[in-house]
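I sat down with my notebook to get to know this structure. Here is what I looked up, entry by entry.

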Amino acid sequence: MNASPPMAGDFLSLLAAQKLAPFGAPAANAPAQTQATTVFAFHFAAGVLMAGDRRATAGNQIVTDKVDKVLEIDATSLLAIAGVPAMAFEMARVLSTSFEYYRRSQLQPLSLPAKVRAIARLLRDNLPLTMQGVGVVAPLFAALDHSVQPARPALFFYDPLGAQFQSAGYVASGSGSGSIRSILSFQERYGRPKPSQMSLPEAVRLALRLLIVASEFDSATGGVNPATGGFATLRVLGPDGVGTVTEEQQAAWLAEG
Amino acid sequence: MTEEPYRWLEAVANRREYVRDQLRGGTPVLAASLPDGILLVGAGPGQAKVFELFDRQALAGLGHPADLERLRQAAIDAAHTEAFTRAPEDVSLRRLVGYGLSPLLKANFEQIFTAPFLVELLLAEVGAEPAADVLVRLHFDGGFRAQPGGVMVAASLPEPEAAAQAWLQGVLAGVTERAAAAEWLLQAWWVLGANRPFGEGLPAEAERRAGWRAALAPGGERGVELGWLARRGPRAARYTAPTRAELGL
């Protein structure tokens, strides 16, 4: 109760002061890690659509097909996780608590550049595990940029060492991201409509089809199978904040095509 | 040596008197549990009276801004550490007050060679149903009282506070809309601030309505501060700070 953080509003400093830092030293003999993924995001007419398959694998084993890899960090931020879930989910939890802690304690929201750097900082803190190859995380981030009026969603991707890059059109990460990037590049250049011009139903349909294609080339990507009720995690970031595309909406809009 | 305990008692009594004297000019804060959530009301120059603590918890207080800030920060630190190390669902007002803020205030108040906290606080936690709402009145000496829902007032003097609370319990019975509740709470705020009685001699409704509007006129030194803990919502964080215009006040 009395330990106050050395840096006002910084939740990681508060945790460190209470000896509760989330990322410790790696074990000498790490067990097999669950990983592999396809997550991506692209601008559509009303904002950003962020999508993720729901499969987690360990080696050639399918661990589960019910993972949510696109996470709401706060009312105006989304994170898509690719890599080792143990580290990625912990990072998402740290970010979510950190952003809300800052907003509540400092009585103002964290700026977009600070949010972007907070993720880079966590990735750098995770560097020892990344270098050992047992804790690699390569996330995607979408958040509202309030420096422009009206506020506009911005997209970022990271390398596992913490380098951050902003993308104008689309981003993708994970083992199935190669084919996704190719198709989105083609669509943005030659598509009619381009993804950035699509309505929400059109964008959802494109996202689901992209995951179907990615799963054909990458066994670690869970596809979309309406027959068995297997859909994706789809979240939207618009000027009003974060929303979720339900499985019922996914089924209806996929069938319309 | 034998008279030391008596000196300590006298010092504590003097301290209590000193704190009450310092708080005398503080403007009250009020809260009411409604069917759709909990409304908190205060009056200040900005974000100075009513604050979000965590997903379902909020704080309103009067007193010295620096002391209010220290306690607000302590509560936010404790809530977020608890949420991170356990889960957000484990953050509860009962534990925040009973094991955090109350012992902190009591220890500080009884250390007679340190400066006391000059605050009176009101805390709220919205539940899944109105019956699960919790309102807590926390005093500068660490003493506290919790109640399930209803109305709660924090003022600098106990008698007017009790009178305002009793009056509000009557007039807010059956009120479901937050705009209507805010109107009643602000009338009580004005009556308390104007040092008028709630029993015989209570100003007429027209005077009360005009009174708080004149005291908190837009562009003036102080404005209406509102906090709303919604009972339901798409996100875990239920607190918003509606504007006066949003409530049509």
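**Where the chains meet**

I began with the interface: chain B and chain A bury about 1,900 Å² between them, and 56% of that lies on carbon and sulfur atoms. I keep in mind that this is a predicted model. I chose area as my opening entry because the size of an interface is often given as the accessible area lost when the parts come together.

Which residues of chain B lose the most area to chain A? I found His80(B), Phe84(B) and Arg235(B), which together account for 38% of what that side buries.

Next I looked up the contacts, and 24 residues of chain B touch 24 residues of chain A.

I then turned to charges and found five salt bridges across the interface of chain B and chain A. I noted the one between Glu52(B) and Arg103(A), with the closest N and O atoms 2.8 Å apart. Nine residue pairs are in polar contact across this interface, both residues at pLDDT 80 or more.

Which elements of chain B each supply at least two residues to the side that touches chain A? My list has strand E3 (50-54), helix H2 (65-85) and helix H3 (93-110) of chain B. H2(B) gives the largest share, 13 residues. By type, I wrote down 12 nonpolar, six polar and six charged residues for the side of chain B that touches chain A.

**Two helix pairs**

For packed helices I look up the angle between their axes and the distance between the axes, since that is how such a pair is described.

In chain A, I took helix H6 (residues 200-217) and helix H7 (residues 247-256), whose axes come within 9 Å and cross at roughly 90°. That makes H6(A) roughly perpendicular to H7(A). On the H6(A) side I listed Leu200(A), Pro201(A), Val204(A), Arg205(A), Leu208(A) and Arg209(A), and on the H7(A) side Gln250(A), Trp253(A), Leu254(A) and Glu256(A). I sorted the residues of this contact into six nonpolar, one polar and three charged.

In chain B, helix H5 (residues 178-193) and helix H6 (residues 205-215) pack at an angle of about 80°, with their axes 8 Å apart. So H5(B) is roughly perpendicular to H6(B). Among the residues that meet here I noted Trp184(B), Trp189(B) and Trp190(B) in H5(B), and Arg208(B), Trp212(B) and Arg213(B) in H6(B). The contact of H5(B) with H6(B) divides into seven nonpolar, two polar and six charged residues.

**A salt bridge within chain A**

How many salt bridges does a search of the whole structure find? I got 28 over all chains.

I followed one of them: the side chains of Asp10(A) and Arg121(A) meet at 3.3 Å, N to O. Asp10(A) lies in the segment before helix H1 (11-17) of chain A and Arg121(A) in helix H3 (residues 112-125) of chain A, so this pair ties together parts that are 111 residues apart in sequence.

**Backbone notes**

Most residues other than glycine have a negative phi, and most peptide bonds are trans, so I looked for exceptions.

I found a cis peptide bond between Gln149(A) and Pro150(A), with omega about -5°. Pro150(A) sits in the loop between strand E7 (140-145) and strand E8 (152-158) of chain A.

The bond from Arg192(A) to Pro193(A) is also cis, with omega near 0°. I placed Pro193(A) in the loop between helix H5 (177-190) and H6 of chain A.

My last entry is Leu107(A), a residue other than glycine with a positive phi, near 60°. Leu107(A) belongs to the loop between helix H2 (85-106) and H3 of chain A.

Methods: Residues numbered from 1 in each chain as written. Chains lettered and ligands numbered in written order. Predicted model: local features only at pLDDT ≥ 70, side-chain atom pairs only at ≥ 80, totals over all residues. Heavy atoms only, no water. Axes fitted to C-alpha atoms, helices over the stretch in contact; angles between N-to-C directions. Helix = DSSP H or I, 4+ residues; strand = E, 2+ residues; numbered from the N terminus. Parallel < 35°, antiparallel > 145°, perpendicular 65-115°, else oblique. Contact = heavy atoms within 4.5 Å. Nonpolar A, V, L, I, M, F, W, Y, C, P; charged D, E, K, R; others polar. Buried area = accessible area lost by both parts, 1.4 Å probe. Salt bridge = Lys/Arg side-chain N within 4 Å of Asp/Glu carboxyl O. Polar contact = N/O pair within 3.5 Å; in protein donor to acceptor, adjacent residues only side chain to side chain.
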